Amino acid sequence: MGKVIVVTSGKGGVGKTTSSAALGAALAHNGDKVVVVDFDVGLRNLDLVMGAERRVVYDIVNVIQGEAKLTQALIRDKRLESLYLLPASQTRDKDNLTPEGVEKVIAALKSAFDWVICDSPAGIERGATLAMRHADVAIVVTNPEVSSVRDSDRIIGLLDSKTLKAEQGERMEKHLLLTRYDPIRAERGDMLKVDDVLEILSIPLLGIIPESMDVLRASNVGSPVTLADGRSAPAIAYFEAARRLKGENLPVTIPGEKKGFFGKIFGRKAA
Amino acid sequence: MNFLRIFTRSQSSAPAARERLQVLLAHERASVGDSDLVTKLRDEILRAISKHMQIDDDRVSVKMERGAKVSTLAVDIEIPFDAEKKKKAA
């Protein structure tokens with residue numbers, strides 16, 4: 001049985017889709033079978049970020065409405081053969097995403113894949129709540145910036161109340177992924193500190209992704225950043241985050257701080 | 001390896017982004033008025049086939065690739081030996 005992960009944030013533009021694609025590719029890189037599901041019906045973009053936009057035949061709404069089989073809607077990545085994408089519908093209304101339909105799709109994906117990564121839309125509406133509904137693990141993507149932290153706090157509240165796990169009285173495993181971290185601004189003291197964000201949200205840290213041109217470049221060419229240039233700083237950070245997801249205890253280094261000496265002092269215990 | 005990285009980095013990615021968006025948006029704008037030819041063909045081909053045999057969704061694979069000048073549509077169908085009889089019986 002695979003693990004269902006929701007990548008969520010509340011706020012838009014913080015890097016949910018980028019992170020979903022990058023983590024999905026990083027996990028599939030070791031041969032794990034991964035599917036990344038776009039829940040943003042009407043405004044899909046995961047296909048574009050993963051470079052599969054020209055090959056979309058059917059989407060999740062087609063599957064839910066019985067117009068296509070799940071296997072027909074899945075798109076296999078051209079670079080990694082264990083990486084798949086289930087696109088959102090671009091033309092349909094998001095009301096076509098029914099709770100029963102989503103439940104069936106997730107159950108089917110869970111039995112066929114090691115990892116089911118649900119890329120949540122922004123906001124707290126239907127798409128977002130359905131994306132988190134069946135999750136075993138939640139990744140809360142946050143920028144070191146006041147409105148993003150506030151929205152993340154709101155999303156954490158929803159994860160603890162509106163998910164199946166929460167309703168069954170279980171604890172939802174939550175991880176913080178701090179993205180667009182700018183070492184230069186941090187050094188100047190113009191950015192919320194990692195510790196501040198961790199203290200406010202009080203969930204364990206999965207990784208810190210530095211602000212980087214490599215992310216933009218990867219999306220331009222339609223490749224998860226972990227596949228576009230595996231040696232770039234954000235790719236390395238995502239690969240490490242993926243290892244932590246798999247349970248490895250890997251200390252998190254803060255971008256911009258020297259690894260050796262400072263890393264030993266400030267290196268945080270991973271989630 | 002490092003040299004290779006510097007080399008690949010020197011190529012700008014913006015032209016690729018522009019080209020991908022142009023192709024994608026051309027197709028998406030066309031599909032708003034339900035006039036996307038590839039989608040139309042896909043549906044009609046499947047409808048035509050279902051007239052003659054019961055379509056088993058697991059045995060039909062549809063692939064599309066939307067290009068700037070040419071799009072491709074590949075419909076791959078397994079036709080069982082007794083497909084016709086089954087349809088008549090049904």
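What follows is a short chat about a predicted model with chains A and B.

Reader: Let's start with the big chunk of secondary structure: how many helices and strands does chain A have?
Author: This is a predicted model, so take the elements as those of the prediction. Counting them up in chain A gives 14 helices and eight strands.

Reader: And what radius of gyration does chain A have, set against the globule rule?
Author: For 271 residues the globule rule gives 18 Å. Chain A comes out close to that, so it is as compact as a globular protein of that length. Its C-alpha atoms fill a box of roughly 55 × 40 × 30 Å along the principal axes. The radius of gyration asked for is 18 Å.

Reader: What share of chain A is buried?
Author: A residue needs under 20% relative accessible area to count as buried. Chain A still exposes about 11400 Å², with carbon and sulfur atoms supplying 50% of that. Out of its 271 residues, the buried share is 56%.

Reader: Of the contacts in chain A between residues at least 6 apart, what percentage join residues at least 24 apart?
Author: Take the contacts in chain A whose partners sit at least 6 apart in sequence. Within that set, the part joining residues at least 24 apart is 75%.

Reader: How far apart are the centres of the positive and negative side chains in chain A?
Author: There are 37 positive and 36 negative side chains in chain A. Take the centre of each set, and the gap between the two is 3 Å.

Reader: Over to chain B: in what order do its elements run?
Author: Chain B has four helices and two strands to place. Read from the N terminus on, they go α-α-α-β-β-α.

Reader: What percentage of chain B is buried?
Author: Chain B exposes about 6800 Å², and carbon and sulfur atoms supply 57% of it. Among its contacts with a separation of 6 or more, 54% come from residues 24 or more positions apart. Of its 90 residues, the part that counts as buried is 21%.

Reader: Which residue of chain B does the side chain of Lys78(A) make a polar contact with?
Author: Lys78(A) is in the loop between strand S3 (75–76) and strand S4 (83–86) of chain A. Leaving out residues up to four places away in sequence, Lys78(A) touches Arg55(A) and Glu65(B). The side-chain to side-chain polar contact, at 3.4 Å, is with Glu65(B).

Reader: Is Lys78(A) buried or exposed?
Author: The cut-off for exposed is over 50% relative accessible area. Lys78(A) has 61%, so the verdict is exposed.

Reader: Which backbone oxygen does the side chain of Asn143(A) reach?
Author: Asn143(A) sits in the loop between strand S6 (137–142) and helix H7 (146–159). With a relative accessible area of 9%, Asn143(A) is buried. Beyond its neighbours within four places, its contacts include Gly13(A), Val14(A) and Arg180(A). The backbone oxygen its side chain reaches, at 3.2 Å, belongs to Val14(A).

Reader: What's the phi of Arg180(A), and why might I look twice at it?
Author: Most residues other than glycine have a negative phi, so a positive one catches the eye. Arg180(A) is in strand S7 (residues 173–181), and its 39% relative accessible area makes it partly exposed. Its phi is positive, near 55°.

Reader: Where in chain A is Ser202(A)?
Author: Ser202(A) also has a positive phi, about 40°, although it is not a glycine. At 59% relative accessibility, Ser202(A) counts as exposed. Its place is the loop between helix H10 (194–201) and strand S8 (205–210).

Reader: How far is Ala237(A) from Ile209(A), C-alpha to C-alpha?
Author: Ala237(A) lies in helix H13 (residues 233–245) and counts as buried at 11% relative accessibility. Outside its sequence neighbours up to four places away, Ala237(A) touches Ile208(A), Ile209(A) and Pro210(A). Ala237(A) and Ile209(A) are 28 residues apart along the chain, and their C-alpha atoms are separated by 5.7 Å.

Reader: Last one: which side chain forms a polar contact with that of Asn62(A)?
Author: Asn62(A) is in helix H3 (residues 60–64) and is buried, with a relative accessible area of 9%. Apart from residues up to four places away, Asn62(A) touches Glu67(A), Ala68(A) and Arg92(A). The polar contact, at 2.6 Å, is with the side chain of Glu67(A).

Notes:
Residues are numbered from 1 along each chain as its sequence is written. Chains are lettered from A and ligands numbered from 1 in the order in which they are written. This is a predicted model: local features need pLDDT of at least 70, side-chain atom pairs count only at pLDDT 80 or more; totals for chains, interfaces and linings use all residues. Side-chain values use heavy atoms; hydrogens and water are left out. The radius of gyration is taken over C-alpha atoms; the globule rule is 2.2 Å times the number of residues to the power 0.38. Buried means under 20% relative accessible area, exposed over 50%, partly exposed in between (1.4 Å probe, protein chains only). Contact means heavy atoms within 4.5 Å. Accessible areas come from the Shrake-Rupley method with a 1.4 Å probe; for residues, only the protein chains shown count as cover. Lys and Arg count as positive and Asp and Glu as negative; His and the chain ends are not counted. The place of a charge is taken as NZ of Lys, CZ of Arg, CG of Asp or CD of Glu. A polar contact is a pair of N or O atoms within 3.5 Å; within protein, one must be able to donate a hydrogen and the other to accept it, and residues adjacent in sequence count only if both atoms are side-chain atoms.
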